[in-house]
Amino acid sequence: MSFTDFKLTPATVITGMHRSGTSMVTQLLAHAGLWLGSEEKLMPAKPDNPDGFYEHLDIVWIHNALLQQHHGGWDFEPTFSDNWQHAESMSDLRSRAISTCKKISSEQNKHQAWGWKDPRTCFFLPFWHSLMPDMKHVICVRNPLAVAQSIRARNNNSLPFGLDLWERYNRNLLNNVHAGSFVVTHYDSWFIDPQKELLRLTRFLGWETQKIKESTLQPLIKPSYRHHQMVTLDDLQKHCPPSVLQLYSTLCEQAEINMDRTL
């Protein structure tokens, strides 16, 4: 069974490694016309994300169930068998996913698109693609060492742990997205020229592009949340394995930003 059977407009999904600006980007895209669901269905703010997560609770429920069924967590990659997304054991979750997305999309009204944000979508793209092959992805990337430092500050994990998790999330994404279905946005681009970056994303998504007032954008892009951005090239080379550096370089190129500007 596919979402195409229900004639739904494919979802626009914001994802990427945790602590990479996914909430900020989602908030900005919501202002530009993305429907995320009714307010009471969105995860409330918490101290580590005071402006809100912008995650739909029913999508979060589905991802939690997928993690449990496949022995994973946000910080531990699930284990999948071949063609796991088509297994009979997935039938209840497939039905739940179809019902959830029908509900969210039916509320879209005059918004330009509908979708969701959850970093853990990185692990489950085969599941979602089996139901909705034409979905679009906005991939949020941030300096891997800055991410690892942020996770260490929040959860007391080691830097190697955070770097390894950064690589797992982003490799899962690039290994499972379809060509032409995704755009990469770098966290730092929003602090350099937010108008330009927002227009770049909305044009890729095929939305009606219009400038949002600078006075509207600026309160959503808070320099005070830009912790751990002072990372030098020496820092990266000292702490990051070559595979992480190469992957980061590839993502920066796709995000149309010079890696040196993100240090």
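This passage describes the pockets, nonpolar cores and salt bridges of a predicted model.

The largest pocket encloses about 840 Å³ of space. Its lining is made up of 38 residues, and those nearest the centre of the pocket are Arg19, Ser23, Asp48, Asn49 and Phe53. Three elements each give two or more residues to this lining, namely α1 (22-32), α2 (57-69) and α5 (144-155). Sorted by class, the lining of the largest pocket comprises 15 nonpolar, 12 polar and 11 charged residues.

The second largest pocket holds about 180 Å³ of space. It is lined by 11 residues, with Ser189, Lys196, Glu197, Glu256 and Ile257 lying nearest its centre. Two or more lining residues come from each of α7 (189-192) and α8 (194-205). The largest share of this lining is that of α8, which supplies 3 residues. Charged residues number 6 in the lining of the second largest pocket, alongside 3 nonpolar and 2 polar residues.

The largest nonpolar core contains 54 residues. Within this core, the residues with the most contacts are Leu66, Trp114, Trp116, Phe124, Phe127, Trp128 and Trp166. Helices and strands both contribute: at least two core residues are supplied by each of α2, α3 (91-106), β3 (113-117), α4 (125-131), β4 (136-141), α5, α6 (159-176) and α11 (242-254). The element that gives the most to this core is α6, with 6 residues. For Phe124, when residues up to four places away in sequence are not counted, the contacts are His63, Leu66, Leu67, Pro78, Phe80 and Trp84. A second core, separate from the largest one, consists of 25 residues, among them Leu42, Tyr54, Val138 and Leu220.

Side chains of opposite charge can pair when their charged atoms come close. The structure holds 9 salt bridges. One of the salt bridges joins Lys117 to Glu55, with 2.8 Å between the closest N and O atoms. This pair connects distant parts of the chain, the two residues being 62 residues apart: Lys117 belongs to strand β3, whereas Glu55 lies in the loop between β2 (34-35) and α2. Lys117 and Glu55 are both buried.

Two further salt bridges involve residues of helix α6. In one, Arg168 pairs with Asp164, and the closest N and O atoms are 2.7 Å apart. Arg168 and Asp164 are separated by about one helical turn because they are 4 residues apart in α6. Arg168 has a relative accessibility of 36% and therefore counts as partly exposed. Asp164, at 35% relative accessibility, is likewise classed as partly exposed. A network of salt bridges links Asp164 and Arg168 with Glu77.

In the other, Arg171 pairs with Glu167, the closest N and O atoms lying 2.9 Å apart. Arg171 and Glu167 are also 4 residues apart in helix α6, so about one helical turn separates them. The relative accessible area of Arg171 is 33%, which means that Arg171 is partly exposed. Glu167 counts as buried because its relative accessibility is 14%, the limit for a buried residue being under 20%.

Note on methods
Residues numbered from 1 in each chain as written. Predicted model: local features only at pLDDT ≥ 70, side-chain atom pairs only at ≥ 80, totals over all residues. Heavy atoms only, no water. 1 Å grid on protein atoms, 1.4 Å probe; cavity = no way out; pocket = protein on both sides within 12 Å on 5 of 7 lines; lining within 4 Å. Points joined across faces, edges and corners; volume = space filled by probe spheres on them. Nonpolar A, V, L, I, M, F, W, Y, C, P; charged D, E, K, R; others polar. Core = buried A, V, L, I, M, F, W, Y, C linked by side-chain atoms within 4.5 Å. Buried < 20%, exposed > 50% of the residue type's maximum accessible area, 1.4 Å probe, protein only. Contact = heavy atoms within 4.5 Å. Salt bridge = Lys/Arg side-chain N within 4 Å of Asp/Glu carboxyl O.
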